[in-house]
Amino acid sequence: MPTLASRHTTEEQSAANSAALRGAIVGAAKYGIASLALALVGTFISPVYRNLTIQFKVFIQMSGMTLGGWIEADRRLRGYEFWRLAEARRKRDEDVWREWERMVGEEKQDGR
């Protein structure tokens, strides 16, 4: 029985990994910037946030970055999967169209 890993080529797996990695980096950066902005606002406005230890503030910052990395990596991976399926569908349609053109061409040659 074929396994899931054997259905995909190493090239496809590498492309999917690259898409997810780029998404994780972009997501961590975006959410990191947003977390930093919220931390700055919290520092100036909230006495509760100001009294937190530096370790907990770092934990909050890293949590935001991790969440952003997960969300964006998943979004990019799903986008890659959608693109791959659309590309496979397009290739199948092209093959059907070529077969249809071949059949029509044969009928014209036969004089039908």
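**Figure 1. Helix α1 from end to end.** Helix α1 has 36 residues, and its first and last C-alpha atoms lie 51 Å apart, close to the 52 Å expected at 1.5 Å a residue. The model shown here and in the other views is predicted. The buried residues of α1 are A16, A19, A20, G23, G27, A28, G32, S35, A39 and G42. These buried residues pack against α2 and α3.

**Figure 2. Helix α3 and what covers it.** Helix α3 runs over residues 54-110, which is 57 residues. At 1.5 Å a residue this helix should span 84 Å, and its end C-alpha atoms are 84 Å apart, so the expected and computed values agree. Buried in α3 are K57, Q61, G64, G68, G69, E72, A73 and Y80. The cover over these buried residues includes α1, residues 10-45, and α2, residues 47-50.

**Figure 3. G27 and its contacts.** G27 is found in helix α1. Is G27 buried or exposed? G27 counts as buried because its relative accessibility is 0%, and the cut-off for buried is under 20%. Not counting residues up to four places away in sequence, G27 touches G32, G68, G69 and E72. Of these contacts, G32 is listed among the buried residues of α1, while G68, G69 and E72 are listed among the buried residues of α3. A distance can also be drawn from G27 to R84: their C-alpha atoms are separated by 22 Å, and the two residues are 57 residues apart along the chain.

**Figure 4. S35 and its contacts.** S35 is another residue of helix α1. Its relative accessibility is 15%, so S35 counts as buried. Which residues does S35 contact, leaving aside its neighbours within four places in sequence? They are Q61 and G64. Both Q61 and G64 appear among the buried residues of α3.

**Figure 5. The ring pair Y80 and W83.** Two aromatic pairs are found in a search of the whole structure. One of them joins Y80 and W83, with ring centres 5.8 Å apart and 35° between the planes, and this pair is tilted. Y80 and W83 are three residues apart in helix α3, so about one helical turn separates them. Y80 has a relative accessible area of 16%, which means that it counts as buried.

**Figure 6. The largest pocket and its lining.** The volume of the largest pocket is about 200 Å³. Twelve residues line this pocket, and those nearest its centre are E12, A16, L77, Y80 and R84. Among them, Y80 also takes part in the tilted pair with W83, and A16 is one of the buried residues of α1. Which helix gives the largest share of the lining? Helix α3 does, with six residues. Helices α1 and α3 each supply at least two residues of the lining. By type, the lining divides into four nonpolar, three polar and five charged residues.

**Figure 7. D95 in helix α3.** D95 lies in helix α3. With a relative accessibility of 47%, D95 counts as partly exposed, because that value falls between the 20% cut-off for buried and the 50% cut-off for exposed. How many residues apart along the chain are D95 and T10? They are 85 residues apart along the chain, and their C-alpha atoms are separated by 25 Å.

Key
Residues are numbered from 1 along each chain as its sequence is written. This is a predicted model: local features need pLDDT of at least 70, side-chain atom pairs count only at pLDDT 80 or more; totals for chains, interfaces and linings use all residues. Side-chain values use heavy atoms; hydrogens and water are left out. Helices (H or I, at least four residues) and strands (E, at least two) are DSSP runs, numbered from the N terminus. The expected span of a helix is 1.5 Å times one less than its number of residues. Buried means under 20% relative accessible area, exposed over 50%, partly exposed in between (1.4 Å probe, protein chains only). Contact means heavy atoms within 4.5 Å. On a 1 Å grid over the protein atoms alone, a cavity is a set of points where a 1.4 Å probe fits but cannot get out, and a pocket is an open set with protein on both sides within 12 Å along at least five of seven lines; lining residues have an atom within 4 Å of a point. Grid points are joined across faces, edges and corners, and a volume is the space filled by probe spheres set on the points. Ala, Val, Leu, Ile, Met, Phe, Trp, Tyr, Cys and Pro count as nonpolar, Asp, Glu, Lys and Arg as charged, and the others, Gly among them, as polar. Rings of Phe, Tyr and Trp (its six-membered ring) pair if their centres lie within 6.5 Å; planes under 30 degrees apart count as stacked, over 60 as edge-to-face and the rest as tilted.
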